[in-house]
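Student: I'd like a close look at one part of this protein rather than the whole tour. Could you pick up my question below and stay with it?

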Amino acid sequence: MTEEINYALNNKVKLSGFIESEPQFSHELYGEGFYEFLVRVPRLSQQSDVIPVTVSERLMSGIDFDIGKQIAVNGQFRSYNKIVDGKSKLMLTVFVRDFYECVEGENPNEVELWGYICKPPVYRTTPFNREICDLLIAVNRAYNKSDYIPCIAWGRNARFVRDIEVGRRIRISGRIQSRQYTKKLTEELSETRTAYELSISKIVADERAEHPHGEDEEAATGTAAAAYDATGK
């Protein structure tokens, strides 16, 4: 008998921060309403990431969504396409699976994804000679759907991942980061936009590794695996 895949293990987020915007109705699916709001998650550097969060109306009862209130969620980092100005745009959000009790002074921003490289990585260096590599990870979920998550690797992680071929299975962990950039619309008009991505702290790649629920998970952490973390360059 074929083992049922637990897709929830492919994509795990633990997030705690402070509510930045009131929940706004987003969409309805099979009679279930979903709402979006923003959560500000402080970094150790005193900066913050402001992250979009989506929650079902069925989970909202008893939760205080006042601006500035601390909130803690377990969920998944998901993507969807939205038509903006006649073009399809990849949107990212943390999809809430449940809430948990906040711990004062703790603001985790932890993500673990198990997926596949779905386009060639793009390696570059900054004007300050810092190595960066952009990649796009396809993460499978139930009902034959996938989430497409943009990721960024730094230092030796960037050097490692730049040569990984499309289709390779990979497990990564890191944090969701937000950053603002200026989009030039015309010669005279521009606007500030926000991009979201997973900043990678650890990469594990092994063509023998299976889904994290399976017996072959150990292969991803054994001698056959190539594992790097971001503590060095």
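Student: What percentage of the 233 residues in the protein chain is buried? And which residues and strands line the largest pocket?

Tutor: Buried residues make up 39% of the 233, where buried means under 20% relative accessible area, partly exposed lies in between and exposed is over 50% (1.4 Å probe, protein chains only). This is a predicted model, with local features needing pLDDT of at least 70 and side-chain atom pairs 80 or more, while totals for chains, interfaces and linings use all residues. Numbering starts from 1 along each chain as its sequence is written, and side-chain values use heavy atoms, without hydrogens or water.

For orientation, the protein chain has one helix and 13 strands, taken as DSSP runs numbered from the N terminus (H or I, at least four residues, for a helix; E, at least two, for a strand). Reading from the N terminus, you get ten strands, then the helix, then three more strands. A contact means heavy atoms within 4.5 Å; counting contacts with a separation of 6 or more, 60% join residues 24 or more positions apart in the protein chain.

Now to your pocket. On a 1 Å grid over the protein atoms alone, a pocket is an open set of points where a 1.4 Å probe fits, with protein on both sides within 12 Å along at least five of seven lines, and a lining residue has an atom within 4 Å of a point. The largest pocket holds about 880 Å³, a volume being the space filled by probe spheres set on the points. Its lining has 26 residues, and Leu29, Arg78, Phe95, Arg141 and Lys145 lie nearest the centre. Strands S2 (24-29), S3 (32-42), S4 (48-56), S5 (70-84) and S6 (87-99) each give two or more residues to that lining.

Let's follow those strands, starting with S3. S3 and S4 run antiparallel and are joined by nine bridges; strands pair if DSSP finds at least two bridges between them. One register point is Tyr35, whose bridge partner in S4 is Val55. Five residues sit between the two strands in this hairpin, and Gln46 takes a positive phi near 80° there. S3 also holds Glu32, which is buried at a relative accessible area of 17%. The Glu32 side chain makes a 2.4 Å polar contact with the side chain of Ser56, which calls for an N or O pair within 3.5 Å, with one able to donate a hydrogen and the other to accept it, and both in side chains if the residues are adjacent in sequence. Leaving out residues up to four places away in sequence, Glu32 touches His27, Ser56, Glu57 and Arg58.

S4 is largely enclosed by the rest of the structure, because seven of its nine residues are buried. S4 also pairs with S6, this time parallel and over two bridges. Thr54 has Phe95 as its bridge partner in S6, and Phe95 is one of the residues nearest the centre of the largest pocket.

Next door in sequence, Val96 also belongs to S6, and it is buried at 3% relative accessibility. Apart from residues up to four places away, Val96 touches Val53, Thr54, Val55, Leu59, Val73, Asn74 and Gly75. The C-alpha atoms of Val96 and Asn74 are 6.0 Å apart, although 22 residues separate them along the chain.

S6 has another partner in S5, antiparallel over twelve bridges, with Ser79 bridged to Leu92 in S6. This hairpin has two residues between its strands, and Asp85 takes a positive phi near 55°. S5 in turn runs antiparallel to S1, joined by six bridges, and Val13 has Gly75 as its bridge partner there. Asn11 lies in S1 (residues 11-19) and is buried, at 3% relative accessible area. The Asn11 side chain reaches the backbone oxygen of Phe77 at 2.8 Å. Beyond residues up to four places away, the contacts of Asn11 include Gly75, Gln76, Glu112 and Asp147.

Some of these strands turn up again at the second largest pocket, of about 530 Å³. Of its 20 lining residues, Lys89, Leu90, Met91, Thr194 and Tyr196 are closest to the centre. S3, S4, S5 and S6 each supply at least two of the lining residues, as do S11 (169-184) and S12 (190-205).
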